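Trainee: I am new to this structure and would like a close look at one part, the place where two copies of the chain come together. Could you walk me through it and then show me what surrounds it?

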Number of protein chains: 4
Amino acid sequence: MSTFGTLFRVTTYGESHCASVGVIVDGCPPGLQLSAPDVQTQLSRRRPGQSNLTTPRDEKDLVHIQSGVEQGVTLGTPIALLVKNEDQRPKDYSETDLYPRPSHADYTYLVKYGVKASSGGGRSSARETIGRVAAGAIAERYLKQAYGIEIVAFVSSVGKIHLPSTLPPTRAQDEDVSDDAEQPLSAEFVSLLKSVTRADVDAHPTRCPHAPTAERMTQRILRAKEAQDSIGGTVTCVIRNVPAGLGEPVFDKFEAKLAHAMLSIPATKAFEIGSGFRGTEVPGSRHNDSFVLKDGKLGTATNWSGGIQGGITNGEDVYFRIGFKSPATISQAQSTAQYDGTPGTLAARGRHDPCVVPRAVPIVEAMAALVVMDQLLIQQARRGAASLLPPITTLPPTMVLPSHHPDKNEHA
Amino acid sequence: MSTFGTLFRVTTYGESHCASVGVIVDGCPPGLQLSAPDVQTQLSRRRPGQSNLTTPRDEKDLVHIQSGVEQGVTLGTPIALLVKNEDQRPKDYSETDLYPRPSHADYTYLVKYGVKASSGGGRSSARETIGRVAAGAIAERYLKQAYGIEIVAFVSSVGKIHLPSTLPPTRAQDEDVSDDAEQPLSAEFVSLLKSVTRADVDAHPTRCPHAPTAERMTQRILRAKEAQDSIGGTVTCVIRNVPAGLGEPVFDKFEAKLAHAMLSIPATKAFEIGSGFRGTEVPGSRHNDSFVLKDGKLGTATNWSGGIQGGITNGEDVYFRIGFKSPATISQAQSTAQYDGTPGTLAARGRHDPCVVPRAVPIVEAMAALVVMDQLLIQQARRGAASLLPPITTLPPTMVLPSHHPDKNEHA
Amino acid sequence: MSTFGTLFRVTTYGESHCASVGVIVDGCPPGLQLSAPDVQTQLSRRRPGQSNLTTPRDEKDLVHIQSGVEQGVTLGTPIALLVKNEDQRPKDYSETDLYPRPSHADYTYLVKYGVKASSGGGRSSARETIGRVAAGAIAERYLKQAYGIEIVAFVSSVGKIHLPSTLPPTRAQDEDVSDDAEQPLSAEFVSLLKSVTRADVDAHPTRCPHAPTAERMTQRILRAKEAQDSIGGTVTCVIRNVPAGLGEPVFDKFEAKLAHAMLSIPATKAFEIGSGFRGTEVPGSRHNDSFVLKDGKLGTATNWSGGIQGGITNGEDVYFRIGFKSPATISQAQSTAQYDGTPGTLAARGRHDPCVVPRAVPIVEAMAALVVMDQLLIQQARRGAASLLPPITTLPPTMVLPSHHPDKNEHA
Amino acid sequence: MSTFGTLFRVTTYGESHCASVGVIVDGCPPGLQLSAPDVQTQLSRRRPGQSNLTTPRDEKDLVHIQSGVEQGVTLGTPIALLVKNEDQRPKDYSETDLYPRPSHADYTYLVKYGVKASSGGGRSSARETIGRVAAGAIAERYLKQAYGIEIVAFVSSVGKIHLPSTLPPTRAQDEDVSDDAEQPLSAEFVSLLKSVTRADVDAHPTRCPHAPTAERMTQRILRAKEAQDSIGGTVTCVIRNVPAGLGEPVFDKFEAKLAHAMLSIPATKAFEIGSGFRGTEVPGSRHNDSFVLKDGKLGTATNWSGGIQGGITNGEDVYFRIGFKSPATISQAQSTAQYDGTPGTLAARGRHDPCVVPRAVPIVEAMAALVVMDQLLIQQARRGAASLLPPITTLPPTMVLPSHHPDKNEHA
């Protein structure tokens, strides 16, 4: 269905050519200062037409708050937001409509519903993400003010052009000799995760915070564009200052909810948390994150876990990487078949992004914010409830959190 | 929380040293023939002690059906299943309990709940997965009987030892020259996905269906064991005969639910559907799956999408890969800190799996079955409801599924 | 939260003075012919200003469909509907704002959220019900077309003026002598339930389908109005042609969901299904509904159960009664206290309904439609799934529904 | 389905003749001292065989904790509890099995599922309530310790024998003359609600806390028993010390959740909160609850609202009444029809309660506890989240709760 979250619950609506797209955000804490521009910033980062790397459609995407906010303060009631569609007419019928577009949702929507929107993919339209970005902006605003949480996503690869040292320099496929020195990720990349800011990311149209790589990515995207082709890439995201204790065992582990959220973004194909697939190749003795005292609080010396152990955040940075496939819509002719099976050739009309990852950055941030927000509220309920009980005196000390522990009342 | 699913709803309970672990399966279709041995088969594939590659603890894990089945037939009411814990005493306290185990859930459980089980990680215990495997076995039984659905998972890598051709033979990191011929996955691997059976998988203790690789994996695991270390790996899973039309836009896309399910399995760090991360490096023109007529039905010539387009299954095989980290519990001494921050050295007691992927295979299959089952029931409701409406005559033909289409009443 | 339903999921938003009120309806079957006027009819029955019995505010309440419908057909995707608020300015502050209105939500909203809308009760505004009525109109349209389901609600009492024979003529309080002849409801009322139509209901402004009683109710309401006072009443609702088999044991019994839905309507205080409280006074021997063959199908001779047994519909008419309190807003002065506890006198400004039951009729119908729709979809999933299994041959005949039974494929 | 609650989530399983009945309680706050006897007390109040008014079956109903508790303290993880069924053999087939029992769930279960348990009503078995009572006992324990909340239910009527003054002494049906002096409930009954204890209730086998009425009820029940008949009744429940601010607008109003919970108990037909149906007959001017200062806190002079305004608790006592029908199972012969429609006569075998209300008392208390607990946790999350935001300075004072208000941090 079109709802995400348990206590911070987001429901989106809208297709490409209907009256509007939008979202109802239910469960936002009352008393948060909020106005339309707070949401517009992220919507504007999402919209097309921002550089020659994206589709030249210039959509305004102005957000209108319908409810839940009065005199600039949230009431705790549902916040409805909508963005009007500029082009509200159903698409005209043409010969290309006889073809389900390859690797698109035209065919699956038709089979699923028995009827589909004239624009084909219905809710798989990129415009659906407007509602998510708007909702995420609200969550992020709360997280920043209440916890100082920072969420920064950036483009880490385009095609085969990777941010230097995202992956280790050498990779001896099917060999097992280099174990001893190898780390899942380079020190340079780990350092980037600690410091990268949204300003760094927006400094280049590719949203890659490493200028030389960004330039090479640009060339790769332009090459795809010239070839009437497309290219995929990856986005990496880091969440800093996440309190320890978030994430619900068993099925709603923090990384499981993140994976769910990320794989719900159109065109995503892969997700990895912390060391990810690379971590599966490194022995436990070097992959384990030892505990150390940091600022009077238990932390870990390394962070290959990506800030999560047993499905629960441990207070270290949470970071993850998402793979986006090469866009399915390309202008070059493709051999394929019509709905009735007749073979033929299809060439997409209109203008399309040769690469979606730069625009995906704010969507990834939004979905991350929704996950953190929902988990925070759930943990808030638990710790608040537990804090009203008398202290436990009957258990061995290692089974009970000492009352002076800095996390003790963190969420109460 | 400990519940997964909307209409096929699974709730597990239990820690390592409590009376039992188990599950309530709510929403199983009535009229399914079911008895304990049907569930036991998969439980036995999951339990430890099956070869010298796994921990020598020999747990019986006999399942007891508590409800929901009478005279060998499901009633449609909740099916409760339980497996008694052999060792029901809380663990004795020892000096090692002063240490949160690195990359384990000891610390995060304590911070989350303010209290933890003597065994440390509470619900992150591997025994929790018993409930999932039991529930999955029921789902799988229905899927097989009603739809002929087959789910087969297998070990695709251990450390750096990969099934040949899981990944393309060459990989020019940070280069962009070899685009033109490269496929996301080798033809050999694609062919394996089409034909691999559970018997092939169980033919070798590693659960890798390619004998020479299985042998190399064995050596790699034994090397880890001898070094008192551990090693990770990946599991690949294929689901065949999935009807087209499953998966709920927007947030509950089929791959999003799969990712959620898989990342909820202990020790998982990564997920990719279809071409996955590799697919991000291949241009759209070669990544797109063209349509062709197959057996009188629209299908795709290639299947880099992994059987899903726009979050909805298209009738092709669904396949995906999951990364499992190297187990955190190792016998060699590790430098770390106690709960109070005091630095020290910890060596795990007891016996532990040097590599979990062989035993993870039935867990992956179980979680896959739960996702398919739940999505099938939801789509069943929709198509059943739509089939009672009069035919639509007012829309252009490409917006409506023809009444003679083979998928038209597939789920009705 | 502001969401109702599992598979037919309705989420409303909006307060009195925000930009709009509205709803997202998720899970509507695709292929339903739908346009704004289909929804407007029920909205117009709900709005104020329809007679001298209701508040003279004349709100247009024109509905705008935002999504989910193309060329007059539902797509299966979320249908967003909105109605603009005429007065979008936050209410001016006045001396009466120092007082929480007695028996109103001003105080509880402030305590719950720590902040409240200028209009006081926030989401307890009667305008919130616009979203429900719009959603219910869609559900009702499907139910009528696919199942011939009819939902009719009417006013059964105003103050002490009851529809003749809603309740038995005599009632010997605290006595136990008249058991032998008494029925829970009179034959005349049972007959009315079978035949009453929406046209009968709308024939009189009170929405009481019995003209002489309607006239007495009018007088009662006008007397309350003249006295600057208010009066409550009851609404009875009947649902005809409900298929047998709806309702989910254990917690989501059909009557439990109905009770939940009805008690969520503002100003409701009571709910009874079938014979209700009266049925508690009649011995089992006379309260039981014997089975008889009707039209080749098993039915019941009487229907004191209100069409539900064990939480599951049995195919007979479902009927229930809801109590609405006398409106809290009255113009006469009331002795009460300010937010800070200072005693004083409050007289409501503006114009208000002296009695809400006539306008509550379409809201009750809407909530009833939402319950039936959601339960139908859930049962659809189950029966569709069960129908794909091989027939059961191992059970005694009274444990299995014969294949020729008319209900066998009713929902498949 | 068989799950109730959002954050305090209860899932029950079990039929009459399966291995066990039980429950998983997910979301219990960690750190609560809990052992089996704490749960057993309420289970024992529920079980049959306690007096000559109930069925003489003597079921032990000993509860076994399976998980979630270690060394007498809850871990915050799912608590599974089970009670073995004494008679685990499926019921033998007999001639009476050809008949669906009138007003029982035999027929509806068969139609719903296409298959049913040999015992007929499957999950509508009274034994299902064991799981609820066990879960409720845990919730109640927390509520008592953390908030001092008291829940007391009692029998308020059997047949026509009502607790004196539950209802006003005179009731001029269809008249409208006595408005001016009438109160919805008598002062005597209001006083009883304030003071009644569980000890008062258990002092008499009928669980009516007014000895003379209890005696008359006994006679009424024995008369039904002798006549091989049955009789219904009502249970009233009061919840004291509920914090203000619980209940979720719009659909999950506190009274809506209570109504849902109560109507999910087998044999219930009616629910009213506060003044209930009676309140619909009293004008607003006398029904409104004026505010007064009580113990330095805003309270109400009367409490016809039943402690809830706008769906949110206001800090006054919550009280409500539930109607239970006369039990359907009676020993006298009934004219009815077989499953195939053949008319005939059925007389129930075995022994059955002539009246269920005494045993329903702990079930009502349990369901009440589940509702309060779940709503508390949800509100805990909201207030905890809001408390981390900077104070609001931009709104008029009547829109913001003063920081010194006693409710300000009540749930934080």
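Which residue of chain B comes closest to the rotation axis?

Mentor: Happy to help, and please keep in mind that this is a predicted model. The residue you are after is His260(B), whose C-alpha lies 2.3 Å from the rotation axis. That axis relates chain B to chain A: a turn of 180° with a shift of 0.0 Å along the axis lays chain B on chain A with an RMSD of 0.0 Å. This is the relation of a two-fold axis.

Now look at how chains A and B meet. Here 114 residues of chain B are in contact with 114 residues of chain A. On the chain B side, the element that gives the most is helix H2 (residues 106-113), with 6 residues. Sorted by class, that side of chain B has 48 nonpolar, 44 polar and 22 charged residues. Of the interface residues of chain B, 100% are also interface residues in chain A, so the copies meet through the same surface.

A pair of strands also links these two chains. Strand S11 (residues 268-273) of chain A is joined by 3 bridges to strand S11 (residues 268-273) of chain B, and the two run antiparallel. To find the spot, look for Phe271(A), which stands opposite Phe271(B) in S11(B).

Chains C and D let you follow a whole sheet. It is an open sheet of 10 strands with antiparallel pairing, in the order S9(C)-S8(C)-S10(C)-S16(C)-S11(C)-S11(D)-S16(D)-S10(D)-S8(D)-S9(D). Strand S9 (161-162) of chain C and strand S9 (161-162) of chain D stand at the edges, each with a single partner strand, so one side of each has no neighbour in the sheet. Within chain D, strand S10 (residues 233-240) pairs with strand S16 (residues 318-324) in the antiparallel sense over 7 bridges. In that chain, Thr234(D) stands opposite Gly323(D) in S16(D). Helix H7 (residues 254-263) of chain D packs on the sheet, where H7 touches strand S11 (268-273) of chain C as well as S11 (268-273) and S16 of chain D. The direction of this helix makes about 160° with that of S11(D).

There is another meeting place to visit, between chains A and D. In this case 27 residues of chain A are in contact with 27 residues of chain D. On the chain A side, helix H3 (129-147) and helix H10 (357-386) are the elements that give two or more residues. The largest share, 8 residues, comes from H10(A). By class, this side of chain A has 16 nonpolar, 10 polar and 1 charged residues.

To finish, turn to two helices inside chain C. The axes of helix H3 (residues 129-147) and helix H10 (residues 357-386) of chain C come within 7 Å and cross at roughly 55°, which makes H3(C) oblique to H10(C). Their crossing is left-handed. Among the residues making the contact are Ala135(C), Gly136(C) and Ala139(C) of H3(C), along with Ala366(C), Ala369(C) and Leu370(C) of H10(C). The residues of this contact divide into 14 nonpolar, 2 polar and 3 charged.

Note on methods
Residues are numbered from 1 along each chain as its sequence is written. Chains are lettered from A and ligands numbered from 1 in the order in which they are written. This is a predicted model: local features need pLDDT of at least 70, side-chain atom pairs count only at pLDDT 80 or more; totals for chains, interfaces and linings use all residues. Two residues are in contact if their C-beta atoms, placed from the backbone, lie within 7 Å. Helices (H or I, at least four residues) and strands (E, at least two) are DSSP runs, numbered from the N terminus. Ala, Val, Leu, Ile, Met, Phe, Trp, Tyr, Cys and Pro count as nonpolar, Asp, Glu, Lys and Arg as charged, and the others, Gly among them, as polar. Two strands pair if DSSP finds at least two bridges between them. Copies are superposed by least squares on the C-alpha atoms of residues with pLDDT of at least 70 in both. Axes are lines fitted to C-alpha atoms, for helices over the stretch in contact, and angles run from 0 to 180 degrees between N-to-C directions. Angles under 35 degrees count as roughly parallel, over 145 as roughly antiparallel, 65 to 115 as roughly perpendicular and the rest as oblique. A crossing is left-handed if the near helix is turned anticlockwise from the far one by less than a right angle, and right-handed if clockwise.
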